[in-house]
Amino acid sequence: MNKDYYAVIMAGGVGSRFWPVSRQAFPKQFHDMLGTGESLLQTTFNRINTFIPSKNTLVLTNGDYQDLVKEQLPALTNTQLVLEPSMNNTAPCILLSAMKIAKENPNALMLVAPSDHWIENLEGFTADITTAFEECKQDKSLLMTLGIQPTFPNTGYGYIAYKKGEKTINEVAQFTEKPDYKTAKDFLAQGNYLWNAGIFVWSVEAILAAYQKYLPEMYALFAAGEAFYNTAAEFDFIEKNYAKSENISVDYGIMEKADKVAVLPASFDWSDLGTWGSLFDKLEKDTNTNVSVHAKLQVDNSRNNIVRTAEEKLVILKNVNNYIIVDEKEVLLIYPKEDEQDVKKERLRAINEQGDKYQ
């Protein structure tokens, strides 16, 4: 393994569209969403550590989830945990991670990847990230992202437009946030648009220079703590200063402003596992195209459902089609798949009307 390869796993979100399984106290990245026996975080960690040394992998998460991370990844040391005392979006925590890595290894090449994505074809993933690492090693000013070849006009993803060329890696022309359906259709027809997977690769030299140029106040705030990083004093410095940082994403703060951004189309299958429907799409179906996670299904004229319960719970369905059915502790969700985007709203309604125990 290359000693200059580092990874940062983003594991701080709440995953509210996977409610009621994903809760504020125990979000989806810590659950076995796929029924494999591993949480999404564990699966991501194991995938990355096939080619990046485990000691070079940082997990970035909310301070409230420190014990969950340590329980699921007991091999991590305290210096490998990046704990956010407040949720200020992705730019501050990625900067902090880059500074911690740069202090240890100024020649480091850095992967930033979400903890809750579904990725198939480990060889393709490894090859793509290695290609990106080597490109960033050659050009220490380059910032790279991986894009996913779109298969339909999805309005739930951001898009990356690239300048058409003969190369595999091309310069990014524009980032676009979630478009409407007509715009997404136009993007697909143009042929040079990719889904934005939120997977980034760069040298620490390049990303720190970008922060210094585009987010100088944030850079100065965190640079003041360099002497404390990777020591016992780091926690106190972050507790006192982190909340002062601007609440902004790395996409808005850096990637959309930077001069030299390139995209590599991914060669692996990918899903962001953002909704129950996306989970349904990726899991194995029975003869009636139903998906079961942990449940034992007994069906009569019922198709295209996803059912998640406690282990080995028998669920009997008759004349039920296209539903999300989730039995999780004190919440039973029975919801049309076509309205899956509204699950987030139902969570908020439950909290407002029934109390914080449902958050």
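The exercises below, each with a worked solution, concern a predicted model of a protein.

**Exercise 1. Overall dimensions**

Determine how the radius of gyration of the protein stands against the value for a compact globule.

Solution. Start with the chain length, which is 359 residues. For that number a compact globule would have a radius of gyration near 21 Å. The protein has 21 Å, which agrees. As a further description of extent, the C-alpha atoms fill a box of roughly 60 × 50 × 40 Å along the principal axes.

**Exercise 2. Composition, burial and surface**

State how many helices and strands the protein has, what share of its residues is buried, and what its exposed area consists of.

Solution. The secondary structure comprises 11 helices and 17 strands. Buried residues make up 55% of the 359. The exposed area is about 16,500 Å², and carbon and sulfur atoms supply 48% of it. Turning to contacts with a separation of 6 or more, 66% of them are between residues 24 or more positions apart. For the charges, the 36 positive and 48 negative ones have mean positions 1 Å apart.

**Exercise 3. The buried face of H1**

Identify the buried residues of helix H1 (residues 40-48), decide how they are arranged about the helix axis, and list what they pack against.

Solution. First, the buried residues of H1 are Leu-40, Leu-41, Thr-44, Phe-45, Arg-47 and Ile-48. Next, viewed down the axis of H1, these buried residues fall within an arc of 165°, so they line one face of the helix. Last, their packing partners include three strands given here by range: S1 (5-10), S2 (57-62) and S4 (109-114). Strand S5 (118-120), helix H2 (66-72) and helix H4 (122-138) are also packed against by the buried residues of H1.

**Exercise 4. A cis peptide bond**

Give the geometry of the bond from Trp-19 to Pro-20 and locate Pro-20 among the secondary structure elements.

Solution. Omega of this bond is near 10°, and the peptide bond is cis. Pro-20 lies in the loop between S1 and H1.

**Exercise 5. Positive phi values**

For Asn-230 and Thr-289, give phi, the location and the exposure class.

Solution. Take Asn-230 first: its phi is near 65°, a positive value in a residue other than glycine. Asn-230 sits in the loop between helix H7 (216-223) and helix H8 (234-241). Its relative accessibility is 24%, so Asn-230 counts as partly exposed.

For Thr-289, phi is near 55°, again positive in a residue other than glycine. Thr-289 belongs to the loop between helix H10 (276-282) and strand S12 (291-293). With 25% relative accessibility, Thr-289 counts as partly exposed.

Terms used:
Residues numbered from 1 in each chain as written. Predicted model: local features only at pLDDT ≥ 70, side-chain atom pairs only at ≥ 80, totals over all residues. Heavy atoms only, no water. Helix = DSSP H or I, 4+ residues; strand = E, 2+ residues; numbered from the N terminus. Rg over C-alpha atoms; globule rule 2.2 N^0.38 Å. Buried < 20%, exposed > 50% of the residue type's maximum accessible area, 1.4 Å probe, protein only. Contact = heavy atoms within 4.5 Å. Areas by Shrake-Rupley, 256 points an atom, 1.4 Å probe, with all protein chains shown as cover. Lys, Arg positive; Asp, Glu negative; His and termini not counted. Charge placed at Lys NZ, Arg CZ, Asp CG, Glu CD. Arc of directions from axis to C-beta.
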